[in-house]
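Colleague: I should like to go through this model with you and ask, term by term, what each description rests on.

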Amino acid sequence: MTQKKRVALVLSGGVSLGSYIAGALDELLRWLEADGSFEIDVITGASAGATTAALIAHGLLYRGGATALHDVWVKQIDIADLLVPQLTDDQLITLLSSERLNAVAREVLAWPDPTTPAKRSPLIGTSLTVALTITNVEGLSYRSRIMMRADGRAEPFLQDRYAEQETFVFDTAVPPTDPVWQRIQQVGIASAALPFVFPPVAIQREAANPAHYPQRPEFEGAATFIYCDGGTFNNLPIDLAWHYARQNDAPGDERWVIIVDPSQDVVRPVDSTPVAERPAQRSLLAYGRSLLTAVMAESRAVQFDREVVLPSKNIDGRVERGQAAIPGVDRAEVELLDKIALVLPRVDDPRLKGSYLICALSAFLDERFRQYDFQRGAADARRVAQEVLGITAAVERPEGQHFYAPDDDPKLSADLSSYAALGAIPSSRDPKRSVRQVFEDGLRRRLKAIVNQIDPPGPDAIYAWVLEQLLLPRLGELW
């Protein structure tokens, strides 16, 4: 029997651009299964990619490869559901609610009838490793095995680190009713908890558990920490994929690393506008948006052992590896780039609908935006399957002639060049109102509930005025 080509999937973060990631994976899995010569053994994900990793793992392990990607990312996650005015006392108050995300995850990862037989996809073998990035808001100290020289003594080298991960290994003995699926749901939601937008998640972790900590931190036993978006410090977990793929590979194995990333790789132009006229200089909102975008973009920077980042030397002259993104996880070798298949938007294609509004929240605003990005992801994955992976098997889609060309579909046409343009786009949820009206009405209700929860001193009219006169007119600065 011919040895199958091993595949490690790397799913980046993207917030509402998760619909692009979902479309790419939905297409990619069809092509890989039709070819029959590939086997997925590692999936790593950050933020939206982490929640998607959990969905496809469940589908591959128990549903014969069928996933709920389209239903979840296009149909079920809408801004109206994320702006619900109901607040819980046990969560930090944030712009959006995560209750809808939790409900959808519980439904998709559930196995209501234990008598229903599970069907394993031919795309996976005896074991599947899923690793998700998370950010520890409180941080942990790590002690190096290298001691530093001080005046008459040796000092341990300590670092406070915030980037973490959690690994799940599914073999043939793990049933769909195993409690591990409640755990992966919790970790996935934490990985997608964009700071200030979704509430952070409390998770108990064990210092001696290698699935929690590849390198043991400086605490004993179990402790509970607060976690937010895994993409904050590791938004493209190639290091995790390489770390676990290297453990699985045997001499002679053919390895592919397939990355799905909704960010377009373009050379960033230098802003020639006078400094005093730049938005980040003139507006606190614009400055905050730029800073948050910078943090998320920097977390996508891929660093390797050689060439990109030179190894450091300790005081005795021995060469050591540079600092990893996650303690205990080795950086990949730069030569790995030669073995990567990259699914991402083409530079000459239009911007994705979900790439606007702070850190890519805009696809949540309307189902058509998410459908457009889903189809764009599928079209890009199809080209990679054919041109990079060399798959020749025909994969037919019944969705219509515009499926791989959503820009040609008038039903998905929408001008998102500015926030003001949303006022001319009818809402899919309520066609009698515009996308902007539905969003702002939901935002008003959500912020009113937040004010009532905080119960600040002074008349409610003051806070209503602040909302109407200061915040809503400046939403365009966040676009």
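**Terms and their grounds**

Modeller: Let us begin with Leu 132, which is found in strand E3 (residues 127-150). Please bear in mind that this is a predicted model.

Colleague: Why is Leu 132 called buried?

Modeller: Buried means under 20% relative accessible area. Leu 132 has a relative accessibility of 0%, and therefore counts as buried.

Colleague: Which residues does Leu 132 touch, leaving aside those up to four places away in sequence?

Modeller: Contact means heavy atoms within 4.5 Å. With that exclusion, Leu 132 touches Gly 45, Ala 50, Ala 53, Glu 164, Gln 165, Glu 166, Phe 168, Ile 184, Val 187 and Gly 188. Trp 256 lies 124 residues from Leu 132 in sequence, and their C-alpha atoms are 19 Å apart.

Colleague: Where is Pro 262 placed, and why does Pro 262 count as buried?

Modeller: Pro 262 is in the loop between strand E7 (255-260) and helix H8 (279-282). The limit for buried is under 20%; Pro 262 has 5% relative accessibility and so counts as buried. Not counting residues up to four places away in sequence, Pro 262 touches Ser 12, Gly 13, Gly 14, Leu 17, Tyr 20, Ile 21, Pro 345 and Leu 352. The C-alpha atoms of Pro 262 and Ser 98 are separated by 22 Å, with these positions 164 residues apart along the chain.

Colleague: What makes the pair Asp 249 and Arg 255 a salt bridge?

Modeller: The rule asks for a side-chain nitrogen of Lys or Arg within 4 Å of a carboxyl oxygen of Asp or Glu. For Asp 249 and Arg 255, the N to O value is 2.6 Å, and the side chains meet in a salt bridge. Both residues belong to a network of salt bridges that links Arg 6, Asp 41, Asp 249, Asp 253 and Arg 255. By this rule the count comes to 29 salt bridges.

Colleague: Why are Asp 249 and Arg 255 put in their accessibility classes?

Modeller: Partly exposed is the class between under 20% and over 50%. Asp 249, with a relative accessible area of 29%, is therefore partly exposed. Arg 255, with 11%, is therefore buried.

Colleague: What is the basis for the salt bridge of Arg 436 and Glu 440, and how are these residues placed in helix H11?

Modeller: The side chains of Arg 436 and Glu 440 meet at 2.9 Å, N to O, and the limit is 4 Å. Arg 436 and Glu 440 are separated by about one helical turn because they are 4 residues apart in helix H11 (residues 435-454). Arg 436 has a relative accessible area of 26% and so is partly exposed, whereas Glu 440 counts as buried at 10%.

Colleague: What can be said of Asp 430 and Arg 433?

Modeller: Their side chains also form a salt bridge, with 2.9 Å from N to O. Asp 430 is partly exposed at 25% relative accessible area, and Arg 433 counts as partly exposed at 27%.

Colleague: Why is the phi of Phe 196 singled out?

Modeller: Most residues other than glycine have a negative phi. The phi of Phe 196 is near 70°, a positive value in a residue other than glycine. Phe 196 lies in the loop between helix H6 (180-191) and strand E5 (201-206). Exposed means over 50%; Phe 196 has 71% relative accessibility and therefore counts as exposed.

Colleague: What is the phi of Ile 358, and is Ile 358 buried or exposed?

Modeller: Phi of Ile 358 is near 55°, again positive in a residue other than glycine. Ile 358 lies in the loop between strand E10 (340-343) and H10. At 17% relative accessibility, Ile 358 counts as buried.

Colleague: Which residues of H3 and H10 meet?

Modeller: Leu 69, His 70, Trp 73, Val 74 and Lys 75 in H3 meet Glu 367, Arg 370, Gln 371 and Phe 374 in H10. By class, this contact has 4 nonpolar, 2 polar and 3 charged residues. The axes of helix H3 (residues 69-76) and helix H10 (residues 367-387) come within 8 Å and cross at roughly 145°.

Definitions and conventions. Residues numbered from 1 in each chain as written. Predicted model: local features only at pLDDT ≥ 70, side-chain atom pairs only at ≥ 80, totals over all residues. Heavy atoms only, no water. Axes fitted to C-alpha atoms, helices over the stretch in contact; angles between N-to-C directions. Helix = DSSP H or I, 4+ residues; strand = E, 2+ residues; numbered from the N terminus. Nonpolar A, V, L, I, M, F, W, Y, C, P; charged D, E, K, R; others polar. Buried < 20%, exposed > 50% of the residue type's maximum accessible area, 1.4 Å probe, protein only.
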